[in-house]
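Please walk through this structure with me, beginning with its open and enclosed spaces and then turning to the way its parts meet.

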Amino acid sequence: MAEKKRELVLSGVQPSAAQVHLGNYLGAMKRFVTLSQQYDTIVCIVDLHALTTVWDAQALRENTVSLAAAYLAIGMEPSRAIIFRQSDVAEVCELTWYLACQFPLGLLERATSLKDAKAKAKVVNSGLMYYPVLMAADILLYRSTKVPVGADQKQHLEMTREVAQKFNNAYGDVFPLPEPLIEEDTGVIVGLDGRKMSKSYDNYIGLFEDSKKVRKKVMKIVTDSKSVEDEKDPDTCNVFTLYKFFASQQEQAALAEKYRAGGMGYGEAKQALFESIEREISPMRDKYNDLMSRPDDLRDVLADGARRAREIAGVTMASVREAVGVGSIL
Ligand code: AMP
Ligand code: TRP
């Protein structure tokens with residue numbers, strides 16, 4: 001019988017804001033927990049990626065601690081997964097260079113993330129151009145095979161596969177080709193204004209914002225201007241789109257029915273959404289707040305994660321150095 005392929009799940013989230021949002025949670029992080037119950041899993045706080053946009057050292061440290069607490073609060077357990085900070089394993093920068101030397105420049109210039117950055121800012125730092133190479137290094141350094149992400153990362157995963165293939169063609173079979181895990185229904189979570197929920201659009205609901213703020217934001221979700229009496233379409237409504245992720249099938253059917261019957265205002269749908277979010281998130285929020293009051297414990301988790309990640313990285317890098325010819329000379 002063929003030996004079962006060993007899978008390794010890896011993903012990363014940038015500590016680029018004080019808190020992650022519901023888009024990060026539903027699009028990626030929630031799945032880390034279930035996957036970690038099935039596979040060897042590594043989750044990374046990609047602070048080197050965040051340096052492309054965060055230039056305040058204290059903020060970067062605080063965001064990092066907050067993200068570590070968020071991983072634990074949603075249910076990641078250090079006994080089931082390695083939780084670590086990217087910069088604690090410096091080899092990722094070394095691997096970035098070896099990969100850069102195989103990465104066609106044209107591929108980097110075509111990256112949607114770079115085009116978006118150019119559209120937003122006059123001066124674009126070259127870290128933004130190397131962003132996909134660093135991400136490929138994250139994935140390949142641990143020889144990951146499955147990468148759960150939101151739809152916006154699809155192109156980065158394609159680039160990772162392409163560079164892994166180029167590297168293997170040049171040097172032999174060093175890296176497995178990683179597979180993206182992108183879910184159709186959670187690939188793009190919409191924000192308050194109906195666009196993709198994103199830190200940069202300021203249309204997000206923070207995962208652990210206090211319940212008053214969450215309610216206020218939910219009440220701001222953009223809807224059409226139908227009156228209470230009008231029949232409404234749940235399938236085109238931003239409120240209902242979010243509700244689907246937090247409500248049971250039965251609850252969804254009941255609310256959809258109210259939409260279609262008319263006689264329900266959007267305020268009522270928003271209240272139902274708020275309550276469903278609260279039901280799922282509030283126990284996690286309590287855990288998050290508790291963890292944030294114990295930063296030393298969070299540091300211990302990250303230190304242990306870094307030690308375990310370094311061990312794996314060391315093994316990969318020994319074969320990479322040997323393959324490219326910078327290891328032992330004779
Ligand atoms: P980032 O905050 O850019 O590091 O994103 C972390 C993870 O969240 C990545 O897997 C993203 O694809 C995912 N993500 C971010 N925003 C959204 C969104 N609005 N919908 C679905 N996934 C998202
Ligand atoms: N680029 C990803 C994002 O913005 C974050 C990331 C960095 C990542 N390294 C990774 C995701 C490795 C998955 C695997 O969302």
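In this predicted model, the largest pocket has a volume of about 1,500 Å³. Its lining is made up of 50 residues, and those that lie nearest the centre of the pocket are Gln14, Tyr131, Asp152, Gln153 and Lys196. Several elements give two or more residues to this lining, namely strand E1 (8-13) together with the helices H1 (22-36), H6 (112-120), H7 (126-141) and H8 (154-171). Among the contributors, H6 provides the largest share, which amounts to six residues. When the lining of the largest pocket is sorted by class, 23 of its residues are nonpolar and 21 are polar, while six are charged.

A second kind of space is closed off from the outside. Rolling a probe the size of a water molecule over the atoms shows where empty space is left. With a lower limit of 30 Å³, the structure holds one cavity, and the volume of this largest cavity is about 60 Å³. The cavity is lined by 14 residues, with Ala17, Gln19, Val20, Ser66 and Leu67 lying nearest its centre. Helix H3, which covers residues 57-73, gives the most to this lining, with four residues. By class, the lining of the largest cavity comprises eight nonpolar residues, five polar residues and one charged residue.

We can now step back to the division of the chain. Domain 1 takes in two stretches, 8-188 and 295-324, whereas domain 2 runs over 211-288. Taken over C-alpha atoms, the centres of domain 1 and domain 2 are separated by 33 Å, and the contact between them draws on 14 residues from domain 1 and nine residues from domain 2.

How much area do domain 1 and domain 2 bury between them? The figure is about 920 Å², and 70% of this buried area lies on carbon and sulfur atoms. On the side of domain 1, the residues that lose the most area to domain 2 are Leu22, Leu26 and Ala73, which together account for 46% of what that side buries. Leu22 and Leu26 fall within the span of helix H1 (22-36), and Ala73 is the last residue in the range of helix H3, residues 57-73.

Alongside this buried area, the count of salt bridges between domain 1 and domain 2 is one. Lys30 forms a salt bridge with Glu280, in which the closest N and O atoms are 3.0 Å apart.

Definitions and conventions. Residues are numbered from 1 along each chain as its sequence is written. Chains are lettered from A and ligands numbered from 1 in the order in which they are written. This is a predicted model: local features need pLDDT of at least 70, side-chain atom pairs count only at pLDDT 80 or more; totals for chains, interfaces and linings use all residues. Side-chain values use heavy atoms; hydrogens and water are left out. On a 1 Å grid over the protein atoms alone, a cavity is a set of points where a 1.4 Å probe fits but cannot get out, and a pocket is an open set with protein on both sides within 12 Å along at least five of seven lines; lining residues have an atom within 4 Å of a point. Grid points are joined across faces, edges and corners, and a volume is the space filled by probe spheres set on the points. Ala, Val, Leu, Ile, Met, Phe, Trp, Tyr, Cys and Pro count as nonpolar, Asp, Glu, Lys and Arg as charged, and the others, Gly among them, as polar. Domain bounds come from an automatic or database domain assignment. Contact means heavy atoms within 4.5 Å. Buried area is the accessible area (1.4 Å probe) that two parts lose on being put together, summed over both. A salt bridge is a side-chain nitrogen of Lys or Arg within 4 Å of a carboxyl oxygen of Asp or Glu.
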